[in-house]
Amino acid sequence: MGVSNGLKRLNFLWKPFLRLFCPKCLAVFGAVCVCDKACAQKCDINLEVEVLDQNDGAPINDAIVSTQNEDHEIKNSNQGTTIIEKICPGNLQLTISHPHYEVYLSQYSIDSDQTLKIELIRKAIELNPVNLEQFLHRSQSQTLSEKILTQSQIDAYAHQNISDALSTLSGVSMIRLGNEISKPIIHGMYGSRVAIVADGHRLSDQEWGADHSPSIDLNAFQGVQLLKGVSTLKYGGDTSGGIIILNQSIVKPIDSLYGSVSIVGSSNGLGGSLASRIIKSYPNGFHFKINGSYKKTRDLIAPDYTLSNTASSRQNVGIHIAKKTMSNSWEFTGSVFQNEIGILRAAHTGNVRDLIIAINRNRPWLIEDPTFEINSPSQMVTHYSALGKYSKRFDSTSKLNLLYGFQHNRRKEFDIRRAGRSRIPSLHLRLITQNISIDYDWFSKGFWHFNLGTTIELQDNEAVPGTGVSPLIPEYFKYKMGSYISSTYKKNNDLIFELGARLDYDHLDVKKFYQLKDWENRKYDEKYSHFEIRKTASSQILTNPKLDFWSLAVNSGVYKNFKSNISIGFNYILSQRAPNVAELFSDGLHHSLATIEQGNLELPKESVHKTLIDINKNSGKLQWGITPYVALAKNYIYLQPIGTITTIRGAFPVWEYLSSDAQFWGIDADLEYKFKSNMIYQSTVSYVAANESKTKNPLIDIPPFSLNQRMNYRTKSDFSFQVTSDWVAKQSRYPETTFKSSYIQDGQFVQTDINLTSPVKSYHLLGFEIRKKFINKENLSIESRLGVRNLMNLSYREYLNRLRYFSDDIGRTIELQFQIDF
Amino acid sequence: MKAFLQKSQSLLAYSTFIFGLIFLVSCSKDDPEEEHDHEEFSHIEFRIKTGHTEQKLTWAAEEEDHDEDHDDHDHESHGEFEGDDTIKLKNGTKSEVSISIWNRHDGENENVTEEIKEEVDVHQFFYEFSPDIVKIEPSSSDLKDSDGINLLLFTDWTPSSTGSGKVEITLIHEPSNKRATREQAGGDADFEITIDFIVEEE
């Protein structure tokens, strides 16, 4: 034992010598020594190897760079650069490996000091999309943890809409109008404060309204990220809530043809959906992808009754063509999305008396047999999108990206009308948006990364005439220009600083008819007489408001990873936002809530100062993250009931866009515990509160506390079982917006108080999901998923569902899905 | 850093070019068309014929801006009666009451009553009195829907005692149950007007 230990201690003396006799080294030795010249040369060549991402040119850290001589095996960490010293002249076989990239293997002839730039190709596991999450989401935020939806989560929401899927993330809730119309709320903020970016292109689709769903199909994308912080500046400085990034899968430059088909059948609404995509790629980097989806459901069912006129249909077709090479890349994406949604018939109210009657009933006044037919009230949205991108790499450290985007959004809203006019939209808006953006990435040799750019947006909204109703949103042109710069200083993976700023200029050129009396009563005739064009015979006045806003955004962050695997990120965000057109100029009746919505021409720009602390523990059986945050808003804009107005139809609550200073605070928390490698518990918690600063009154439309839990068990035979529990508390913080309504009932003159902001009861929904992979071959996999939502068929109403006055939410829903990847 | 600044300059040049181009092509919108609102009623006329006497009340829609007082959360604004604003009835005497609905804009005088008559199957008038001292019956000239239910556009009012109060007249669109009370009828209100009435001794 003693001799053995002694020999081991002398390893450093004899092991290098023995290595000379290994077959590989003997071959190298022989090859080198047959050449006198080479043998005479000294092994003093230094080789610098820069390892870059072929897709975007970003340096890749933590790659293993090795030569055929095993003495040279180095893990790079300094902005993707490795220096290999003391190399002998001659042929050198270089191998570079990284867990998220294809292995690189090549031979070089080395005779002097030189620098090699190696571009690695990201791995793309097309046949097993569940694994896509590992590398699809290239980290964009350096100082805040990113929240992502995995491919399996996206698959589970193939039959739902994008907001349903997003609401599974901590800190994200939904504001809804029924089941099919919903939009995400992040940290209590929604509308223009939350942007959706698809393929690098910001979605423009009349996103201001709480009753407008994003005009995009989640099935067309394979990755979803929720971003906050410096990395959002590229897409806008007005997103104090956050930005949702939708990504396509990465395509390998090989000759390949593959795709997937997803078929879903749903018990509730007896609906189904079909989504498919097919991708053809070539070794020269050229590829194209075609995707399409179709969904149709009949009227949905609450536990005790049918929700009449809630049928819907949705279709989407898209094409993506691209060629990506080492030096440059271009891509074109086009899509057509159409969504037709029926709105609960009983929610179409004529006046506040109808609303009171609806609130006092437990059931909708109209319950009919379910049908696939969609009648008024309804919405039909068609969204066309075309996007061209070009990237040029000047050298390994810099890259220029150009983007041009075109979007055409047509929104038609149908109300119950007389004399066959129900077929004529009461609201018909056509919004054309064009975006141009130029941005430049630069990686310094040191630790810096800069990204700077300019974006231009042109928007043309037409209130299409012939509706027979004064348009809720007027005609306008909007020009928006912004420039930004963001920088990241990454000394190593444990200490990162970020800083960025963006300046935006908004110009609005609006043509709008005001009622002459409104114009004068609000004293606009004194303040804005220069906007007046002419008065009409019907007591209206045509005006041409031209408004300009400058907005500044500043984001900064620092991230520190401690040895205990606990990381702390700190971010400060200043976000300024020009009021949107709806907030300034809305003017009309919303039948879905029997409300008159009014904009306010005098609204100033909104400023939000937000501070987030992100603490995460990233390893071991127990992983967790908490993100407390505080936001102080100046001139925060929100829509709230302010009183009633009586028209010939009867009395209506008036909702007006108000502006006041406000405070937000809250916490998001995620927890994951691995009982075993195949048995995982996950939970997310979200809490947010918001007050008006002066009055301390709670703000309207703030999501209540929620706790979502998942327990997942997976066997080796590709079978998994998951139990879900979603508990949503009663909102205890809400504004008192009580107003009185009087009417005659049973011969008595009755006066009633009505509060549209009072909360609903808490609820707890259970569900489960079973997945089983039947076929799991190299070229074909088939997985089935059986999912049940609202397992106990509970009657409940959601606080942020604007149809909560009229009906319960939907009852038990059983979904059977087949996912075929080929 | 020098390379970065050089690249930044070229980026600035690109940006300036595109900004300039945008401003060159920017233009202003044409004046939009004024929308003629077919759904709203501008005038509602009530003709009350008691014996040889005929009374006419005209309610003209007129919105006042709600924004005059932000602190008052219960303010209301009304249309107003042009002239007489109280229905005068005689105790124990039948009065024939008819309603006509008009949409008057830019000199046009559209009689919306015809639309209501054409869509008798999906419309229903409701009358609610406080105090409940007036009996309502369909008049002989009233219309019936395909189920034989009267529209109550033309009605006979017979007071059972003297007094004064208010009557709420509502036109409901697409009621689910025409025979039910206003509370239970479903549908949504096309108009709802509250009018003072007085019942005098014959």
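**View 1. Cavities across the whole predicted model.** In this predicted model, a search of the whole structure turns up 18 cavities of 30 Å³ or more. The largest cavity holds about 370 Å³ of space. Its lining is made of 30 residues, and those closest to the centre are Y190(A), A210(A), L639(A), Y657(A) and R802(A).

**View 2. What surrounds the largest cavity.** Here we look at the elements of chain A that contribute to the lining: α11 (581-585), β33 (595-598), β35 (622-647) and β36 (650-676) each supply at least two residues. The largest share, four residues, belongs to β35(A). By character, the lining of the largest cavity splits into 15 nonpolar, eight polar and seven charged residues.

**View 3. The second largest cavity.** This cavity has a volume of about 270 Å³. Among its 23 lining residues, A198(A), I216(A), F221(A), S335(A) and S385(A) are the closest to the centre. Strands β20 (312-324), β21 (328-342) and β22 (378-395) of chain A are the elements that give two or more residues to this lining. Sort the lining residues by type and you find eight nonpolar, 13 polar and two charged.

**View 4. An open sheet in chain B.** Four strands line up in the order β4-β11-β10-β7 (chain B), with mixed pairing. At the edges stand β4 (86-90) and β7 (123-130) of chain B; each has a single partner strand, so one side of each lacks a neighbour in the sheet. From one strand to the next, the twist averages 30 degrees. Follow β7(B) to its partner and you reach β10 (residues 163-173) of chain B, paired with it in the antiparallel sense over eight bridges. To find one of these contacts, start at S130(B), whose bridge partner in β10(B) is K166(B).

**View 5. Aromatic pairs in chain A.** Over all chains, the count comes to 27 aromatic pairs. One of them joins Y489(A) and F497(A): the ring centres are 6.3 Å apart and the planes meet at 40 degrees, so this pair is tilted. Y489(A) counts as partly exposed at 21% relative accessibility, and F497(A) is partly exposed too, with a relative accessible area of 38%. For W519(A) and Y524(A), the centres lie 5.3 Å apart with the planes at 75 degrees, so the pair is edge-to-face. Both W519(A) and Y524(A) are buried.

**View 6. A cluster of rings.** Step back from the pair of Y489(A) and F497(A), and ring pairs link these two residues with W442(A), F447(A), W448(A) and F450(A) into a cluster.

Methods. Residues are numbered from 1 along each chain as its sequence is written. Chains are lettered from A and ligands numbered from 1 in the order in which they are written. This is a predicted model: local features need pLDDT of at least 70, side-chain atom pairs count only at pLDDT 80 or more; totals for chains, interfaces and linings use all residues. Side-chain values use heavy atoms; hydrogens and water are left out. Two strands pair if DSSP finds at least two bridges between them. Axes are lines fitted to C-alpha atoms, for helices over the stretch in contact, and angles run from 0 to 180 degrees between N-to-C directions. On a 1 Å grid over the protein atoms alone, a cavity is a set of points where a 1.4 Å probe fits but cannot get out, and a pocket is an open set with protein on both sides within 12 Å along at least five of seven lines; lining residues have an atom within 4 Å of a point. Grid points are joined across faces, edges and corners, and a volume is the space filled by probe spheres set on the points. Ala, Val, Leu, Ile, Met, Phe, Trp, Tyr, Cys and Pro count as nonpolar, Asp, Glu, Lys and Arg as charged, and the others, Gly among them, as polar. Rings of Phe, Tyr and Trp (its six-membered ring) pair if their centres lie within 6.5 Å; planes under 30 degrees apart count as stacked, over 60 as edge-to-face and the rest as tilted. Buried means under 20% relative accessible area, exposed over 50%, partly exposed in between (1.4 Å probe, protein chains only).
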